[in-house]
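Open the model in your viewer and keep the sequence panel beside it. This tour tells you what to select at each stop and what to look for there.

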Amino acid sequence: MIKIDRIYAKPADLNGVRILVDRVWPRGVSKASAHLDYWMKDVAPTTELRKWFAHDPAKYAEFRDRYREELKTNPALDELKDVVKANPDRPIILLYGAKDTAHNHALVLQEVLE
């Protein structure tokens with residue numbers, strides 16, 4: 001089971017494997033309060049793609065396609081898949097910092113992993 005959640009939300013499930021999938025550490029979040037198992041920043045979109053997207057919902061469909069293309073050659077995706085496989089009995093929670101819960105890279109990662 002792959003879930004996604006904002007890193008700024010109070011953790012709803014501390015029994016799951018909590019993985020931050022942002023390239024940049026979220027502002028105002030301490031490492032202790034994040035309750036992370038992993039920070040897999042290399043699985044996030046490249047800086048160039050992230051800046052191009054700029055969280056513009058009108059660009060989301062193209063962003064999704066471009067990010068999926070990046071993931072095809074990104075070894076960090078294999079590392080993330082290994083974590084998922086190593087924890088078959090625990091939910092995987094992909095954490096992200098974006099304000100927009102409907103247009104973000106964690107949703108794309110969730111689709112790819114499922």
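The stops below go from the whole chain to single residues and end at one helix.

**Whole chain**

Keep in mind that this is a predicted model. Show the chain as a cartoon and find 5 helices and 4 strands. Followed along the sequence, these elements come in the order β-β-α-β-α-α-α-β-α. The radius of gyration is 13 Å, close to the 13 Å that the globule rule gives for 114 residues, so the chain is as compact as a globular protein of that length. Turn the model to see its extents: the C-alpha trace spans about 35 × 30 × 20 Å along its principal axes.

Next, switch on the surface. The accessible surface of the chain is about 6600 Å², and carbon and sulfur atoms make up 50% of that area. Of the 114 residues, 39% count as buried. How much of the contact network links residues that are 24 or more positions apart? Among contacts with a separation of 6 or more, such pairs account for 62%.

Colour the charged groups. There are 19 positive and 18 negative charges, and their mean positions lie 5 Å apart.

**Two histidines with positive phi**

Select His35, in the loop between helix H1 (31-34) and strand S3 (38-39). His35 is not a glycine, yet its phi is positive, at about 50°. Is this residue buried or partly exposed? His35 counts as partly exposed, with a relative accessibility of 39%.

Now move to His55, in the loop between helix H2 (47-53) and H3. Here too phi is positive in a residue other than glycine, with a value near 55°. His55 has 40% relative accessibility and counts as partly exposed.

**Asn74**

Select Asn74 in the loop that joins helix H3 (60-72) to helix H4 (75-86). Why does Asn74 count as buried? Its relative accessible area is 16%, and buried means under 20%. Show the side chain: it reaches the backbone nitrogen of Ala76 at 2.8 Å. Leaving out neighbours within four places in sequence, display Asp42 and Val43, which are in contact with Asn74.

**Thr101**

Go on to Thr101, which sits in the loop between strand S4 (92-96) and helix H5 (105-113). Which residues does Thr101 touch, not counting those up to four places away in sequence? They are Arg6, Tyr96 and Leu107. For a distance across the model, pick the C-alpha atoms of Thr101 and Pro75: these residues are 26 apart along the chain, and the two atoms are separated by 26 Å.

**Helix H5**

Start just before the helix, at Asn104, which caps the N-terminal end of H5. One of its side-chain oxygens lies 3.0 Å from the backbone nitrogen of Ala106.

Then select H5 itself. In this helix 7 of the 9 residues are buried, so H5 is largely enclosed by the rest of the structure. To see them, colour His105, Ala106, Leu107, Val108, Leu109, Gln110 and Leu113. An α-helix has 3.6 residues a turn, so residues three or four places apart point the same way. View the helix along its axis with that in mind.

What covers the buried residues of H5? The cover includes strand S1 (2-6), H3, H4 and S4. Show these elements together with H5 for the last view. Leu107, touched by Thr101 at the previous stop, is one of the buried residues here.

Methods. Residues numbered from 1 in each chain as written. Predicted model: local features only at pLDDT ≥ 70, side-chain atom pairs only at ≥ 80, totals over all residues. Heavy atoms only, no water. Rg over C-alpha atoms; globule rule 2.2 N^0.38 Å. Buried < 20%, exposed > 50% of the residue type's maximum accessible area, 1.4 Å probe, protein only. Contact = heavy atoms within 4.5 Å. Areas by Shrake-Rupley, 256 points an atom, 1.4 Å probe, with all protein chains shown as cover. Lys, Arg positive; Asp, Glu negative; His and termini not counted. Charge placed at Lys NZ, Arg CZ, Asp CG, Glu CD. Polar contact = N/O pair within 3.5 Å; in protein donor to acceptor, adjacent residues only side chain to side chain.
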